[in-house]
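Please look through the sequence and the fold shown here before reading on. The paragraphs that follow go from one loop to the sheet, the aromatic rings and the nonpolar core.

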Amino acid sequence: MLRTLSGSLLLLTALAVSSCISPPDFPSTPNIEFKELKVTRITDPNPNIVPQDQVAVTVSFQDGEGDLGLTNDQKTKGSPYYQDPQQGAPRNRNFYNYFITIFRQNGQGRFEPVPLVDPRFPYDSTFPPLDPEGGKAAPLKGDLTFTTNFDIDTDKPIKPGDIIRFEISIMDRALNESNKITTTSYLVQP
């Protein structure tokens with residue numbers, strides 16, 4: 001009897017405590033904060049292959065519904081909001097959910113956007129769903145690290161000696177775009 005009573009008391013205490021804890025109240029629009037920029041040089045023993053900088057940007061995020069990330073099916077078979085248009089048409093910005101603008105410091109110390117090699121192919125990308133599979137809308141927070149490689153060559157947009165930084169934003173599946181953050185800068189090594 002004592003064991004049953006103490007088990008019931010423990011259950012009631014757990015229910016009372018859990019009913020006092022309310023989920024965080026994050027806005028519907030994602031919010032991000034810059035956390036870390038890590039750059040690693042990748043060189044190939046073949047002298048004909050240009051070196052690359054592997055850049056990893058980590059941001060902390062919060063989102064009220066937790067509807068962050070896109071699957072390949074959502075981009076190809078899902079909502080027309082995310083689908084990429086037919087070849088030759090202007091790219092659908094919503095095909096991506098991770099937006100990157102690269103800035104280079106000019107001779108006067110101001111940062112200016114680095115032009116794209118081909119305007120049809122931005123540096124933007126997509127990250128997969130961060131919410132639990134089949135989960136219901138719920139506040140979500142955490143860290144998101146995005147890694148990409150950039151060729152370093154005098155014939156490429158990013159050259160040795162450049163001082164580079166990145167502007168980042170993300171978008172949820174309801175097409176709410178977060179604030180923009182700016183990373184720290186780094187010197188591109190020769």
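In this predicted model, L175 lies in the loop between β6 and β7, the latter being residues 181-182. The phi angle of L175 is near 70°, which is a positive value in a residue other than glycine. L175 is partly exposed, because its relative accessible area of 29% falls between the limits of 20% and 50% that separate buried from exposed residues.

M171 lies in the loop between β6 and β7 as well, but M171 is buried, with a relative accessible area of 4%. Which residues does M171 contact, once its neighbours within four places in sequence are left aside? They are L68, N94, Y96, N97, F99, F127, N176 and E177. The position of M171 can also be described relative to D67, since the two residues are 104 apart in sequence, while their C-alpha atoms are 9.2 Å apart in space.

The strands offer a second way into the fold. Three of them form an open sheet in the order β1-β2-β5, and the pairing is antiparallel. Its edge strands are β1, residues 31-42, and β5, residues 140-151, each of which pairs on one side only. From one strand to the next, the twist averages 15°. Strand β2, which covers residues 52-63, is joined to β5 in the antiparallel sense over 12 bridges, and F61 has G142 in β5 as its bridge partner.

Strand β5 also brings the reader to the aromatic residues, for the structure holds five aromatic pairs. In one of them, the ring centres of Y98 and F146 are 4.4 Å apart and the planes meet at 25°, so the pair counts as stacked, the planes being under 30 degrees apart. This pair links distant parts of the chain, with Y98 in strand β3 (residues 98-105) and F146 in strand β5, 48 residues apart. Both Y98 and F146 are buried.

The rings of F150 and F166 make another such pair: their centres are 5.8 Å apart and their planes lie at 20°, so this pair is stacked too. Here the link runs between F150 in strand β5 and F166 in strand β6 (residues 163-170), which are 16 residues apart. F150 is buried, as is F166. Ring pairs further join F150 and F166 with Y123 and Y186 into a cluster.

Some rings have a charged group over them instead. The charged end of R93 sits over the ring of F99, at 3.7 Å from its centre, and R165 lies over the face of F111, 3.9 Å from the ring centre.

Several of these residues return in the nonpolar core. Which members of the largest nonpolar core, with its 25 residues, touch the most other members? They are Y98, I102, F166, I168 and I170. This core receives at least two residues from each of β1, β2, β3, β5 and β6. For I170, leaving aside its neighbours within four places in sequence, the contacts are P30, I32, F61, L68, N97, Y98, F99, F127, L144, N176, E177 and S178. Among these contacts of I170 are L68, N97, F99, F127, N176 and E177, residues that are also in contact with M171, and the path thus leads back to the loop between β6 and β7 in which M171 lies.

Conventions:
Residues numbered from 1 in each chain as written. Predicted model: local features only at pLDDT ≥ 70, side-chain atom pairs only at ≥ 80, totals over all residues. Heavy atoms only, no water. Pairing = 2+ DSSP bridges. Helix = DSSP H or I, 4+ residues; strand = E, 2+ residues; numbered from the N terminus. Axes fitted to C-alpha atoms, helices over the stretch in contact; angles between N-to-C directions. Phe/Tyr/Trp six-rings, centres within 6.5 Å; stacked < 30°, edge-to-face > 60°. Buried < 20%, exposed > 50% of the residue type's maximum accessible area, 1.4 Å probe, protein only. Lys NZ or Arg CZ within 6 Å of the ring centre and 35° of its normal. Contact = heavy atoms within 4.5 Å. Core = buried A, V, L, I, M, F, W, Y, C linked by side-chain atoms within 4.5 Å.
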